[in-house]
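Subject: Structure handover

Hello,

Here is the structure I promised to pass on. My notes follow below it.

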Amino acid sequence: MATTDFQMVSSFHDYQFDAIISAIEVAEIPYQLEFFDYMGGSFNLFVPKQYIDKVVEIATKIETGKTVYNTLLAIAKYHTAKSKV
């Protein structure tokens, strides 16, 4: 898939990384990341247009506490991924 086929879903804080990325990997949704520093660390998430609604649903469940995740693990996974870019 070409980069132009991906559209931004949203910007997320570093502590959400593990939960969101793990969930979309389990759902087998292709994605691309763009890291930036804003108040500690954040990332933009891009997915193909046809998956945006599903990823928004996943992220909403995480943000509303319907999916629980480990904050320290999420931050560690975020920094590992960021160092590979």
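Lys 54 and Glu 57 form a salt bridge, with their closest N and O atoms 4.0 Å apart. Bear in mind that this is a predicted model. The two residues sit three apart in helix α2, so about one helical turn separates them. Glu 57 also meets Lys 61 in a salt bridge, at 3.5 Å from N to O. Those two are four residues apart in helix α2, again about one helical turn. Residues three or four places apart on an α-helix point the same way, because there are 3.6 residues a turn. Lys 54, Glu 57 and Lys 61 are thus linked in a network of salt bridges. Each is partly exposed: Lys 54 at 40% relative accessibility, Glu 57 at 36% and Lys 61 at 38%.

The count of salt bridges comes to three. Asp 18 and Lys 77 form one of them, with the closest N and O atoms 3.4 Å apart. Asp 18 is in helix α1 and Lys 77 in helix α3, so this pair ties together parts 59 residues apart in sequence. Asp 18 is buried, at 12% relative accessible area. Lys 77 is partly exposed, at 27%.

Next, the aromatics. The structure has six aromatic pairs. In one, Phe 17 and Tyr 78 have ring centres 5.8 Å apart and planes at 75°; planes over 60 degrees apart count as edge-to-face, so this pair does. Phe 17 lies in α1 (residues 17-26) and Tyr 78 in α3 (residues 71-84), 61 residues apart. Both are buried. Phe 17 and Tyr 78 also belong to one aromatic cluster with Phe 12, Phe 35 and Phe 43.

Phe 17 has further contacts beyond its sequence neighbours, including Leu 33, Ala 74, Lys 77 and Ala 81. Phe 17 is also among the residues with the most contacts inside the largest nonpolar core, which has 19 residues. Others in that group are Ile 24, Phe 43, Leu 45, Val 47 and Val 55. The elements giving two or more residues to this core are β1 (6-13), α1, β3 (42-48), α2 (52-63) and α3.

Last, α3. This helix has 14 residues and reaches 20 Å from first C-alpha to last, close to the 20 Å expected. Its buried residues are Ala 74, Tyr 78 and Ala 81. Seen down the helix axis, they fall within an arc of 70°, so they line one face. They pack against α1, β2 (32-36) and β3. On the other side of α3, Leu 72 and Ser 83 are exposed.

Best wishes

Terms used:
Residues are numbered from 1 along each chain as its sequence is written. This is a predicted model: local features need pLDDT of at least 70, side-chain atom pairs count only at pLDDT 80 or more; totals for chains, interfaces and linings use all residues. Side-chain values use heavy atoms; hydrogens and water are left out. Rings of Phe, Tyr and Trp (its six-membered ring) pair if their centres lie within 6.5 Å; planes under 30 degrees apart count as stacked, over 60 as edge-to-face and the rest as tilted. Buried means under 20% relative accessible area, exposed over 50%, partly exposed in between (1.4 Å probe, protein chains only). A nonpolar core is a set of buried Ala, Val, Leu, Ile, Met, Phe, Trp, Tyr and Cys residues joined through side-chain atoms within 4.5 Å. Contact means heavy atoms within 4.5 Å. The expected span of a helix is 1.5 Å times one less than its number of residues. The arc is that of the directions from the helix axis to the C-beta atoms. A salt bridge is a side-chain nitrogen of Lys or Arg within 4 Å of a carboxyl oxygen of Asp or Glu.
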